[in-house]
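Colleague: I should like to learn how individual features of a model are read. Could we begin with a single residue and work outward from there?

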Amino acid sequence: MSSDKATLLRDLLKQVSRLFYTTLAVVPANVRDQVGLAYLFARAADTIADTELIDRPRRLGYLQRLREQFVSEQLDREQIRSIQQSVGSVQQESAERLLLERLDECFQVFLACSLDDQQRIRRVIVTLTQGMETDLNTFPGGASGELTALKTIDDLDRYTYSVAGCVGEFWTALMCAHRKALANWDCQRMSEIGVRFGKGLQLTNIVKDVAHDLQKGRCYIPEMMLTEVGLTPSDLLDQRNLLRFRPVLSKLVRQAVAHLDQGWAYTMAIPRHETRLRLACMWPILSAGESLKLVMNSPDLLNHAVKVKIPRSKVYQIMAMTTGTVACGYAGTAYWGHLRKQII
C-alpha cells in the first residue's frame, strides 16, 4: 500500500477514534491497514445509522446503498457521492463529517488491497450493516417513551454476532492469511472462538450502556429475562429497580465473562513471539473485564445521567503492564484471573 494511502488511514483513524488509533498501532504492520480500513467503513455505517437528523427510512436506504458497494464487484461512485452529500452535510461531529467526506478515498484504498483481503472486508461489512439495519428496524422509536426490547436470549445472541462476533471471524481469517506464526492454526475452529471473543466485548457494552440505550428507546436486555424477575423494559427507566434487575444483570455478566474466557484462550493460542498480536487481543479483554467490574459495583447503572466507563488512565495502565511484561501469558492470565474473581 502506497505511503499516501497509509497516511490517509492513519490521519482519519486519529481523527475518528484516538483510542482505537493508539490500539491499532500495536497491530502487526502487514495487517494494520486492512484492520484500520474495515474499522473506518464500519464507523461510516454506524454514523449513517445514528444520524437522527435524517429520518429512519432514509437512513435505512443509505445503509443499503453503502452495503451494495461491498456486494457488487463494481463501485457505484454516484451512490457513494449521494451518501457523502446527504449524510456528511448534517454531521455535527467534525470527525464523522471528515470520515464521510473522505469515504470515496477509503474506497480507493480498498481497491488497492489484494482481492482476498477485499473479500474479507466485504464479508464483515455486509454482516455489520445487516446488523445495523436489523437494529433500526427492531427499535423504531428514538426516545424512552417509545421503548422496544429484544424478545429472547437468542435474539440477543444473533444481535451480538451481527455487530461484533462477525469481527472475530474477520480478524481470524485475516491473521491466518498473513501471519506465518499462525500457519498451524485450525482457522475454522479459531474463527468460532473469535466469534465468542467479539460477543463478549459487545455484551460488555450492552450491560454498561443499558441506561443510555434505554433513553434512545432501545432495550437490549431480552424481555424474556426481565419477565422472569417480574420486570418490564420500562421498569428499567426507574433507578429504584436496580436491585430487582441484579439477577438478570448477573446472568448477562456471567455470559460476557464466559465469552471473554474464550477470548483469553484465543489470545493464549497466539505464539508468544507474536507479541503485537497478543497485545492487540489482551487489551480489549482486560479493559472489558475492568468495565464489567464497574458494572457489577455501580449503584447508578440505571441512571442515564451517569456514564459507566473505565477512565482512560486505566486503559493506559493495562497497556503499560502487558507491554512491560512483553505480553507474558503468565502475568496476563494472573491479571485476568484476578479480575474474574472481582466480577463473578
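Modeller: Let us start with Val326, which lies in the loop between helix 15 and helix 16 (329-343). Please bear in mind throughout that this is a predicted model.

Colleague: What is the sign of phi in Val326?

Modeller: Most residues other than glycine have a negative phi. In Val326, phi is near 55°, a positive value in a residue other than glycine. Ala327 is placed in the loop between helix 15 and helix 16 as well, and phi of Ala327 is likewise near 55°, again positive in a residue that is not glycine.

Colleague: Are Val326 and Ala327 buried or exposed?

Modeller: Val326 has a relative accessibility of 43% and so counts as partly exposed. Ala327 has a relative accessible area of 1% and is therefore buried.

Colleague: How does one look for empty space inside the protein, and how many cavities of 30 Å³ or more are found here?

Modeller: Rolling a probe the size of a water molecule over the atoms shows where empty space is left. A search of the whole structure finds one cavity of 30 Å³ or more, and the volume of the largest cavity is about 50 Å³.

Colleague: Which residues line the largest cavity?

Modeller: Its lining includes Lys208, Asp209, His212, Leu301 and Asn303. By type, the lining residues divide into four nonpolar, three polar and three charged.

Colleague: Where is Leu301 placed, and what does Leu301 touch?

Modeller: Leu301 sits in the loop between helix 14 (275-297) and helix 15 (312-324). Because its relative accessible area is 1%, Leu301 is classed as buried. Not counting residues up to four places away in sequence, Leu301 touches Val207, Lys208, Val210, Ala211, Leu242, Phe245, Leu249, Val295 and Val308.

Colleague: Which residues touch the most other members of the largest nonpolar core?

Modeller: In soluble globular proteins, nonpolar side chains tend to be buried together. Here the largest nonpolar core has 109 residues, of which Phe41, Ile221 and Phe245 touch the most other members. Helix 14 supplies the largest share of this core, with twelve residues. Leaving aside neighbours within four places in sequence, the contacts of Phe41 include Leu66, Phe70, Leu103 and Phe107.

Colleague: For a loop elsewhere, where is Val90 placed, and with which residues is Val90 in contact?

Modeller: Val90 is in the loop between helix 5 (77-88) and helix 6 (94-101). At 28% relative accessibility, Val90 counts as partly exposed. Apart from neighbours within four places in sequence, Val90 is in contact with Thr51, Leu53 and Ile54.

Key
Residues are numbered from 1 along each chain as its sequence is written. This is a predicted model: local features need pLDDT of at least 70, side-chain atom pairs count only at pLDDT 80 or more; totals for chains, interfaces and linings use all residues. Side-chain values use heavy atoms; hydrogens and water are left out. Helices (H or I, at least four residues) and strands (E, at least two) are DSSP runs, numbered from the N terminus. Buried means under 20% relative accessible area, exposed over 50%, partly exposed in between (1.4 Å probe, protein chains only). Contact means heavy atoms within 4.5 Å. On a 1 Å grid over the protein atoms alone, a cavity is a set of points where a 1.4 Å probe fits but cannot get out, and a pocket is an open set with protein on both sides within 12 Å along at least five of seven lines; lining residues have an atom within 4 Å of a point. Grid points are joined across faces, edges and corners, and a volume is the space filled by probe spheres set on the points. Ala, Val, Leu, Ile, Met, Phe, Trp, Tyr, Cys and Pro count as nonpolar, Asp, Glu, Lys and Arg as charged, and the others, Gly among them, as polar. A nonpolar core is a set of buried Ala, Val, Leu, Ile, Met, Phe, Trp, Tyr and Cys residues joined through side-chain atoms within 4.5 Å.
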